[in-house]
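Here are some short exercises to work through with a structure on the screen. Try each task yourself before you read the solution.

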Amino acid sequence: RTRGRRPLAARAEPQLFQLQVVIEAGDPGCDRHPHLASSEAYHLTVTEPVAVLKASEVWGALRGLETFSQLVHEDDYGSFLVNESEINDFPRFAHRGVLLDTSRHYLPLKSILTNLDAMAFNKFNVLHWHIVDDQSFPYQSIYFPELSGKGAYSSNLIYTPTDVRLVIEYARLRGIRVIPEFDTPGHTQSWGKGQKHLLTPCYNGGHPTGSFGPVNPVWNTTYDFMTKFFKEISSVFPDEFIHLGGDEVDFSCWKSNPEVKKFMKKQGFGTDYAKLESYYVQNMLDIVSSYNKGQMVWQEVFDHKAQLKPDTVVQVWMANNYAHELSSVTGAGLTAVLSAPWYLDYISYGQDWKKYYSVEPLDFPGSEKQKKLVIGGEACLWGEFVDATNLTPRLWPRASAVGERLWSSSNVTNLQDAYKRLTSHRCRML
Amino acid sequence: AENEPSWETPCTELLVSVSTPGCDGFPSLDSKESYKLSVSKGSMLLSAETVWGALRGLETFSQLVGRDANGTYYINETEIVDFPRFPHRGLLLDTSRHYLPLRAILETLDVMAYNKFNVFHWHIVDDPSFPYESSTFPELSKQGAFNAMTHVYTASDVRTVIEYARLRGIRVIAEFDTPGHTLSWGPGAPGLLTPCYMGKARSGTYGPINPIVNSTYQFVTSLFQEVSTVFPDFFLHLGGDEVDFTCWKSNPEIRAFMTEMGFGEDYKKLESFYIQRLLDIVSSLGKGYIVWQEVFDNDVKLRPDTIVHVWKDNSMQYLKEMANVTRAGYRALLSAPWYLNRISYGQDWIEAYKVEPLSFEGSPEQKALVMGGEACMWGEYVDVTNLTPRLW
């Protein structure tokens with residue numbers, strides 16, 4: 001279609017001159033960080049000559065501004081139009097996250113910031129930063145500079161304190177919380193490069209093999225280290241929560257280590273290494289609690305029966321029978337975040353957004369009270385096959401399906417309608 | 001600092017020697033791409049019979065050059081004698097399911113050159129859109145493109161692609177797929193497609209190209225006359241895949257024609273009738289052709305120099321197809337195990353790598369008929385935002 005001259009008759013059209021944004025709470029929150037209990041509700045009235053966006057807190061205003069920007073469209077003459085509207089909106093779930101993995105592949109700052117923009121377009125409000133893992137340790141620690149000094153892929157593939165502050169502030173301005181994950185005791189190979197005597201030395205036939213396993217749970221020095229390390233993390237990352245990981249702990253190295261075996265005996269754990277893992281995790285929860293931080297953990301921590309704090313958040317990620325897991329977690333009175341059906345790194349041919357969209361997080365056997373304990377979910381983009389060259393097209397717009405599922409009402413499920421809106425939303429995001 | 005190797009006399013020149021002139025020509029199926037690369041103390045020599053071989057050797061040379069910690073470029077002493085196993089090493093891009101801006105095509109040609117691909121199979125039009133601006137039939141893109149201003153390839157665009165490819169030793173083989181896959185041709189060429197019927201009345205929808213009217217063959221002749229001039233390669237890809245017979249069956253005129261011709265209920269015969277006439281037209285224009293395997297499978301009478309493009313991949317049946325095609329004496333191209341648009345999690349490059357195109361039962365003469373293959377990037381879920389990381 002070509003642009004043409006506006007027909008003369010169209011002069012007396014109603015005009016929108018202003019969008020007034022009103023934040024009603026005494027403390028609007030503009031200088032604070034968003035948190036789980038932040039209000040994201042907004043009321044948008046579009047009418048001539050002045051539209052009004054009202055929200056209790058600034059976070060709601062951000063959501064409303066995103067919606068307003070979506071309502072504005074262009075006609076064939078290049079004029080901007082918006083329909084008269086009355087919108088009362090608020091999220092169904094308070095925790096709507098995206099997980100990025102910067103250990104399997106380093107992600108340059110630009111990638112992370114572009115992604116935060118995309119998240120804001122989709123009303124996501126949590127960046128779960130899986131910042132370190134086996135493969136690399138890009139987080140530059142102030143107390144322990146050798147961790148990234150020896151553990152990063154290279155000296156320029158790190159996140160300095162300035163980088164981290166930039167991410168946190170960029171996210172904050174978009175109403176996005178940054179929850180860092182320092183996953184232990186497994187997934188820690190890269191920690192051992194810069195921190196000697198942290199990981200468990202594996203044994204074979206009575207001799208150390210030279211390779212290492214998970215963090216060593218029997219040494220006092222381990223907890224001294226973690227106490228100091230998490231003191232730093234607690235002050236660097238302002239969010240109330242820190243993710244402690246706790247997934248996929250391979251017990252074979254522990255089982256081979258004589259000191260560990262001795263400790264098991266002393267503690268009366270028998271041969272149940274899950275008990276040793278829980279012992280470790282409980283100590284970690286205490287350490288992090290002492291810094292007034294809440295904790296998020298992967299589901300194994302719950303499955304292996306560690307004693308969790310009442311406000312520990314359990315992230316359900318194992319795809320097999322996750323509904324049952326949600327029942328168990330919430331049945332035990334714990335809060336849950338769902339990721340199992342939303343592993344977006346698992347690509348496949350065709351319109352897989354439909355299966356992400358069709359997930360109903362509360363579709364599990366449980367009471368109303370239990371269902372309230374599911375505070376939301378996270379789309380995960382693990383980094384084994386992802387770096388800056390393919391992150392954006394792989395994550396988006398598939399993650400948009402998850403974003404809508406977590407924000408919109410449970411009866412917004414029509415795939416044909418969603419398809420129409422998703423295709424125009426995608427073009428908007430480009 | 002570790003012991004740094006003491007570099008020998010710096011080499012400042014790579015001498016390139018090409019014995020047969022041909023820089024102004026186009027690469028072809030018969031082009032020789034062999035080259036020799038000699039790197040020794042103080043002398044670097046790349047020699048090839050043709051400029052196309054020199055291009056391949058230059059790519060290899062660029063891969064051999066390393067850089068040390070001080071930033072010095074270095075290269076090991078090397079003796080290389082290299083040539084391709086298969087002469088047709090292609091990549092298919094689909095610019096109908098989603099329009100691809102020129103820069104996406106040119107960027108792809110660059111990466112093809114890095115990987116010594118030498119055929120760009122341009123699946124330029126199809127059902128969803130007709131972006132090719134035809135000088136003979138301007139209405140085709142005017143009515144058939146997603147947007148006739150912004151989502152078309154002008155004559156100049158096409159020339160740009162062809163020249164950009166040529167400079168990289170890449171042939172451009174255009175595919176104008178018929179008689180199926182032609183819905184976008186309809187709006188700009190009224191009367192070309194078969195009107196479908198619901199009982200005695202037209203349903204309003206259209207099917208494949210109408211094979212029973214003379215106007216079809218007049219149109220096809222004119223279009224391919226133009227296409228033959230625009231695209232300099234000897235080969236054109238004529239498509240011929242996935243022809244849905246339902247619409248033809250519903251049309252009373254076509255049914256009458258079937259009876260008249262004695263084809264009975266065998267619509268494959270009608271398809272063959274169309275294809276044979278198409279092949280004759282294209283041949284008379286002095287072009288060779290490549291067709292998708294259905295054309296062979298449906299017993300169309302093909303010229304002996306037809307190239308059959310094997311694409312169907314239902315549980316490794318493609319090897320049987322390769323055997324059948326070559327046993328019948330036709331040359332073959334393999335794409336079946338290389339549909340790169342079919343993404344899956346993990347290191348799927350391994351499956352693509354493991355393919356052995358000649359691992360079918362056949363004589364050496366048969367195997368010699370396999371010209372090569374093509375990686376296909378169909379466009380249903382691909383546009384400029386994700387083409388490059390999906391393909392490479």
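The exercises below go from domains to chain contacts, cores and annotated sites.

**Before you start**

This is a predicted model, in which local features need pLDDT of at least 70 and side-chain atom pairs count only at pLDDT 80 or more, while totals for chains, interfaces and linings use all residues. Residues are numbered from 1 along each chain as its sequence is written, chains are lettered from A and ligands numbered from 1 in the order in which they are written, and side-chain values use heavy atoms, leaving out hydrogens and water.

**Exercise 1. Find the domains of chain A and describe how they meet.**

Step 1: Mark domain 1 (18-89) and domain 2 (95-429) on chain A; such bounds come from an automatic or database domain assignment.

Step 2: Take the centres over C-alpha atoms; for these two domains of chain A they are 32 Å apart.

Step 3: Look at the contacts (heavy atoms within 4.5 Å). Here 17 residues of domain 1 of chain A touch 21 residues of domain 2 of chain A.

Step 4: Turn to buried area, the accessible area (1.4 Å probe) that two parts lose on being put together, summed over both. For these domains of chain A it is about 1,600 Å², with 53% from carbon and sulfur atoms. H33(A), L36(A) and R63(A) provide 38% of the area that domain 1 of chain A buries against domain 2 of chain A.

**Exercise 2. Do the same for chain B.**

Step 1: Chain B is assigned domain 1 (15-82) and domain 2 (88-391).

Step 2: Their C-alpha centres are 34 Å apart.

Step 3: Contacts join 16 residues of domain 1 of chain B to 20 residues of domain 2 of chain B.

Step 4: About 1,300 Å² is buried between the two domains of chain B, 56% of it on carbon and sulfur atoms. In domain 1 of chain B, the residues that lose the most area to domain 2 of chain B are F26(B), L29(B) and R56(B), together 47% of what that side buries.

**Exercise 3. Describe where the two chains meet.**

Step 1: The contact involves 14 residues from chain B and 15 residues from chain A.

Step 2: Between them, chain B and chain A bury about 1,300 Å², and 65% of this is on carbon and sulfur atoms.

Step 3: On the chain B side, I343(B), Y345(B) and Y381(B) lose the most area to chain A, together 45% of what that side buries.

**Exercise 4. Which residues have the most contacts inside the largest nonpolar core?**

Step 1: Recall that a nonpolar core is a set of buried Ala, Val, Leu, Ile, Met, Phe, Trp, Tyr and Cys residues joined through side-chain atoms within 4.5 Å. Buried means under 20% relative accessible area, exposed over 50%, and partly exposed in between (1.4 Å probe, protein chains only).

Step 2: The largest core has 85 residues, and F120(B), W122(B), F176(B), F231(B) and L270(B) have the most contacts inside it.

**Exercise 5. Is the annotated residue E242(B) buried, partly exposed or exposed?**

Step 1: An unreviewed UniProt entry lists E242(B) under "active site"; such annotations may be inferred rather than shown by experiment, feature names are shortened, and positions follow the numbering used here.

Step 2: E242(B) has 44% relative accessibility, so it counts as partly exposed.

Step 3: The side chains of E242(B) and H181(B) make a polar contact (2.8 Å), that is, a pair of N or O atoms within 3.5 Å; within protein, one must be able to donate a hydrogen and the other to accept it, and residues adjacent in sequence count only if both atoms are side-chain atoms.
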